[in-house]
Amino acid sequence: MATGVDQQREIRPRDYLDVDGSLDDEELLIRDTVRAFVADRILPGIGDWFEEARLPAELAPELGKLGLLGMHLTGYGCAGASATAYGLACMELEAGDSGFRSFVSVQGSLSMFSIYRYGSEEQKNEWLPRLAAGDAIGCFGLTEPDFGSNPAGMRTRARRDGSDWVLNGTKMWITNGNLADVATVWAQTDDGIRGFLVPTDTPGFTANMIHKKLSLRASVTSELVLDNVRLPASAQLPHARGVSAPLSCLNEARFGIVFGALGAARDSLESAIAYSQAREVFDRPLSSFQLTQEKLANMTLELGKGMLLAVHLGRIKDAEGVRPEQVSLGKLNNVREALSIARECRTLLGGSGITLEYSPLRHANNLESVLTYEGTSEMHLLSIGRALTGQSAFR
């Protein structure tokens, strides 16, 4: 009969605070299913895909078959999972690579959510089942070359021409842009900012791949150019008015990042622990040194605190809806700490840490983008400051 430590339930390095104990059976099943998919279909190829700067779009139908695309939406072929389950799926995907979590996040929380929340029934029926299955890919055109944190100043313009709309402008840093079958494009009109569904084979629409990236290399990032793109009236998202509409979509995507960044941190930490146990320095395992153990202990603490924060926000979102400043707190803390963990783990790997054989530096490079997109750390600080003081420091 086993005794002592052998009787204890195994606790992995990431879970000394027993976060798993707060998850229900369905959430654990979804998490473990995605974890197995990542181990089988992503990890074996991610080093090559990162080096080649390629996202294998052929995996999209597999992600759809797992129910991961728009998984927190209900109906239209979507899984209807909880926000917490969606977050856990994002965490496992980002443990593989931020590029895959970004793909799923943009597909489900930006492209599909914009249609789900603001589209007509005809638009939902046309696009959501195909997007959920991975048979079509979507992107979300909000950011412009000169307007990132201030989307209200966008220059993309939609004007009426009879019953049609004609769109002109440029969008920048658009994930999935060169893969997309449909783009949700936000533009200024005489009636304020409105959203439009633009099939990417529409004349005048061009997607230009952004090359020579140092971050998110296993992800497609594009510039969208709209040159007199003519759309029927039915292309407009009828229920989207003002900048609050695209910002609500961004809040959905940011929520997934609260969990996702922790996946990159966890994978980095596990890589560093395994390496430190196998690597001998001065005839002793690297893991036996006090400075090594201090680093590992501090990182485990921050990872655990981040998980508690993420699950807590998930419970709030599932119960009553999470406020934007709460998501800002989650993204600010968890991305910042995940980046710190990935960098620290790289130091434990020494020279080996600069190769793609090990994940921490790849994760750190990716997290530099995650720190910036869906709201920079500075903007999230100011969002929290506005909630605290009632004063906006944006202008």
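Which residue forms a salt bridge with E144? In this predicted model, the partner turns out to be K171, with the closest N and O atoms 2.9 Å apart. The two ends of this pair come from distant parts of the chain, 27 residues apart. E144 sits in the loop between β3 (138–141) and β4 (157–161), while K171 belongs to strand β5, which covers residues 164–175. Both ends are tucked away: E144 has a relative accessibility of 5% and counts as buried, and K171, at 0%, is buried as well. The cut-off for that label is a relative accessible area under 20%, so the 5% of E144 falls on the buried side.

The E144 pair has company, as the structure holds 22 salt bridges. Side chains of opposite charge can pair when their charged atoms come close. One of these bridges brings E368 and R343 together, at 2.4 Å from N to O. Here, too, distant parts of the chain are linked, with E368 in helix α10 (residues 360–372) and R343 in helix α9 (residues 324–348), 25 residues apart. Neither end is hidden, though: E368 is partly exposed at 34% relative accessibility, and R343 is partly exposed at 45%. There is also a small network to look at, in which D20, R31 and D32 are joined by salt bridges that share partners.

Another bridge pairs E325 with R323, their side chains meeting at 2.8 Å, N to O. E325 is partly exposed, with a relative accessibility of 23%. That value lies between the limits of 20% for buried and 50% for exposed, which is why E325 gets the middle label. R323 is partly exposed too, its relative accessible area being 45%.

Turning from charges to nonpolar packing, the largest nonpolar core takes in 90 residues. The residues with the most contacts inside this core are I42, L63, M71, F103, M112, W186 and L367. As for secondary structure, helix α7 (residues 244–278) is the top contributor to the core, giving 15 residues.

F103 is a handy place to see who touches whom. Leaving aside residues up to four places away in sequence, F103 touches L55, A60, L63, L69, I137, N176 and L179. L63 thus turns up twice, as a contact of F103 and among the residues with the most contacts inside the largest core. Apart from this assembly there is a second, separate core of 17 residues. Its members include C139, W165, V185 and L231.

Terms used. Residues are numbered from 1 along each chain as its sequence is written. This is a predicted model: local features need pLDDT of at least 70, side-chain atom pairs count only at pLDDT 80 or more; totals for chains, interfaces and linings use all residues. Side-chain values use heavy atoms; hydrogens and water are left out. A salt bridge is a side-chain nitrogen of Lys or Arg within 4 Å of a carboxyl oxygen of Asp or Glu. Helices (H or I, at least four residues) and strands (E, at least two) are DSSP runs, numbered from the N terminus. Buried means under 20% relative accessible area, exposed over 50%, partly exposed in between (1.4 Å probe, protein chains only). A nonpolar core is a set of buried Ala, Val, Leu, Ile, Met, Phe, Trp, Tyr and Cys residues joined through side-chain atoms within 4.5 Å. Contact means heavy atoms within 4.5 Å.
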